[in-house]
Amino acid sequence: MFNKILIANRGEIALRIIRAAHELGVGAVAVYSEADRLAPHVLAADEAYCIGPAPSAQSYLRADELIRIARQTGAEAIHPGYGFLSERAPFIRAVREAGLVFIGPSPEAIEAMGDKTEARKRVIAAGVPVVPGTEDALADAAQARRVAAEVGYPVLLKAAAGGGGKGMRVVRGDAEIEGAFEAASREALAAFGDGSVYIEKYLEGPRHIEIQLLADRHGTTLHLGERECSIQRRHQKLIEEAPSAVLTPGQRAAMGATAVAAAKSVGYEGAGTVEFLYRNGEFFFLEMNTRIQVEHPVTELVTGIDLVQWQIRVAAGEALPWTQDGIVFHGHAIECRITSEDPANGFLPSVGRIAMLEVPAGPGVRWDSGIAAGYEVGLSYDPMLAKLIVHAPTRAEAIDRMKRALGELRVVGVDTSVPFHLRVMDEPDFRAARLDIRYLETHEQVLFGTAPDEELLRAAVLGAALIEEETRTRRSVLRAQPSAGQTSGWKNRAEWRSR
Ligand code: ADP
């Protein structure tokens, strides 16, 4: 096992990885931008380095600086978390060239799965069902028209280098196809530096169901069941759960085996996820995410397996100790992503200082967060502040538990998505698990309903009274830390605690 690892990330995932490292007896080196000086992941790490100003390009994306700090501190491995550098093959090559271990898959596996047309070819060869469409990028608008006619409308134009729903266009007829092709290519070029676009059949109202995988370097690849992620807004997941209410054990085994085959087709190692579209008992490969995902805790709760610890253990060369039959599922887990967005105001990002934070607790409740009272939420990073995850024997009980936990959560200082989540938990179709990826388009009332004003107002008044005290406390924490220069000062936890 490693003595020390560097965590090249921030927020809740950095803290999550630090916790896993500490439970394994591994030291954790954090990095932080100037905007994150008081972030919980900085305080939780054993050592922390400031790597630059708030913009990611000048801090969390500075590959050379991250590698330099890892070597300087004696860290043997780098955990990338998700986002940032987690799926950048050149970074992984640089990490390896520096004699360090990258906690994740090989750069070749990432490249094969990162290009959607290449990924389709690989998994088709491994016998994995994909949505009907093209395997190669389209040459021009005229070819797009010919292929769309063959596949049959509606079709979806997709960026080969795509991610985050960018460069995607639904096309319902011949009249729109050429314009949509030009627009998707332009958008893909601007977003990914690669304008390649291909065609898939557009499925009406499928579910998004994904399979969690764990693979070691000794030939074992296991699936850890599925997550239902159909509650999405603009292709961004907001609520995830495990298991999916629609899969039979037979379908779960079939999807799991298919996901394992997809991972093996690229020699995958570590934790990864294969995403599928599911409709009427049929499922189709969508893409593979070659990293730990935001929604991994729901799988951890139903399997009892710590995915982040196993990422580290597999990277250190350990073998997975289970067979597929040894993976058993207990109960039901739900995750709500708590974002600093105002659902009453079109999900506009909300910024400000967190004046007060009261976190839910009690049976079956898990809080994975990157914030604390006093933390300043800005616009430099993703608006996800935290994840609230619950576990209960049944889905109905998990929903009731989530309502209870959401009701205990108080965040004062920024608007959050909490009122939205509360409305979903009460919505009859959600409660009956009647879901598909259009859920939020067909249930607009849960998106834009009004907040439970009186309660929020009460919390706001209480919060205002606490602002001054919180600020004073955070200032004293600040004073207790030796001043951290841009790349120089690194602090020792024991040192600042003893002051
Ligand atoms: P990205 O990598 O940009 O996130 P994905 O291929 O993962 O793109 O697709 C994102 C979302 O778009 C999916 O979760 C699903 O909601 C929708 N989607 C993708 N492909 C199709 C399809 N062929 N038919 C219907 N919906 C689709």
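How many salt bridges does the structure hold? The structure holds 38 of them. Please keep in mind as you look around that this is a predicted model.

**The chain as a whole**

Let's start with the overall picture. The protein chain is built with 18 helices and 23 strands. It has 499 residues, and 56% of these count as buried. If we take the contacts in the protein chain with a separation of 6 or more, residues 24 or more positions apart account for 67% of them. On the outside, the protein chain exposes about 19700 Å², and 51% of that area is supplied by carbon and sulfur atoms.

**Salt bridges, one by one**

Side chains of opposite charge can pair when their charged atoms come close. Three pairs are worth a visit here, and the table gives the N to O distance for each.

| Salt bridge | Closest N and O atoms |
|---|---|
| K121 and D136 | 2.9 Å |
| R252 and E226 | 2.7 Å |
| E241 and R395 | 2.7 Å |

Begin with K121 and D136, whose side chains meet in a salt bridge. K121 sits in helix α6 (residues 116-125), while D136 belongs to the loop between α6 and α7 (141-151), and the two are 15 residues apart. Are these two residues buried or partly exposed? K121 counts as partly exposed because its relative accessibility is 36%. D136 also counts as partly exposed, since its relative accessibility is 45%.

Next comes the salt bridge between R252 and E226. Here the pair links helix α9 (residues 249-264), home of R252, with strand β10 (residues 221-233), home of E226, across 26 residues. R252 has a relative accessible area of 14% and so is buried. E226 is buried as well, because its relative accessible area is 3%.

The third stop is E241, which forms a salt bridge with R395. E241 is part of strand β11 (residues 236-242) and R395 is part of helix α12 (residues 395-408), so this pair ties together parts that lie 154 residues apart in sequence. Both of these residues, E241 and R395, are buried.

Salt bridges can also be followed from residue to residue. Which residues are linked in a network of salt bridges? One such network takes in E210, R227, K237, E240, E275, E295 and R337.

**Around the ligand**

Now for the ligand, which is surrounded by 20 residues. The closest are K116, K158, G165, K201 and E287. K158 places a polar side-chain atom 2.8 Å from an oxygen atom of the ligand. An N or O atom in the side chain of H208 is 3.0 Å from an oxygen atom of the ligand. For the side chain of Q232, an N or O atom is 3.1 Å from an oxygen atom of the ligand.

How much of the ligand does the protein bury? Taken alone, the ligand exposes 550 Å², and 95% of that is buried by the protein. The elements that contribute two or more residues to the shell around the ligand are β6 (155-159), β8 (197-201), β12 (270-279) and β13 (282-289). Sorted by class, this shell has eight nonpolar residues, six polar ones and six charged ones.

Terms used. Residues are numbered from 1 along each chain as its sequence is written. This is a predicted model: local features need pLDDT of at least 70, side-chain atom pairs count only at pLDDT 80 or more; totals for chains, interfaces and linings use all residues. Side-chain values use heavy atoms; hydrogens and water are left out. A salt bridge is a side-chain nitrogen of Lys or Arg within 4 Å of a carboxyl oxygen of Asp or Glu. Helices (H or I, at least four residues) and strands (E, at least two) are DSSP runs, numbered from the N terminus. Buried means under 20% relative accessible area, exposed over 50%, partly exposed in between (1.4 Å probe, protein chains only). Contact means heavy atoms within 4.5 Å. Accessible areas come from the Shrake-Rupley method with a 1.4 Å probe; for residues, only the protein chains shown count as cover. A residue is near a molecule or strand if one of its heavy atoms lies within 4 Å of it. A polar contact is a pair of N or O atoms within 3.5 Å; within protein, one must be able to donate a hydrogen and the other to accept it, and residues adjacent in sequence count only if both atoms are side-chain atoms. Ala, Val, Leu, Ile, Met, Phe, Trp, Tyr, Cys and Pro count as nonpolar, Asp, Glu, Lys and Arg as charged, and the others, Gly among them, as polar.
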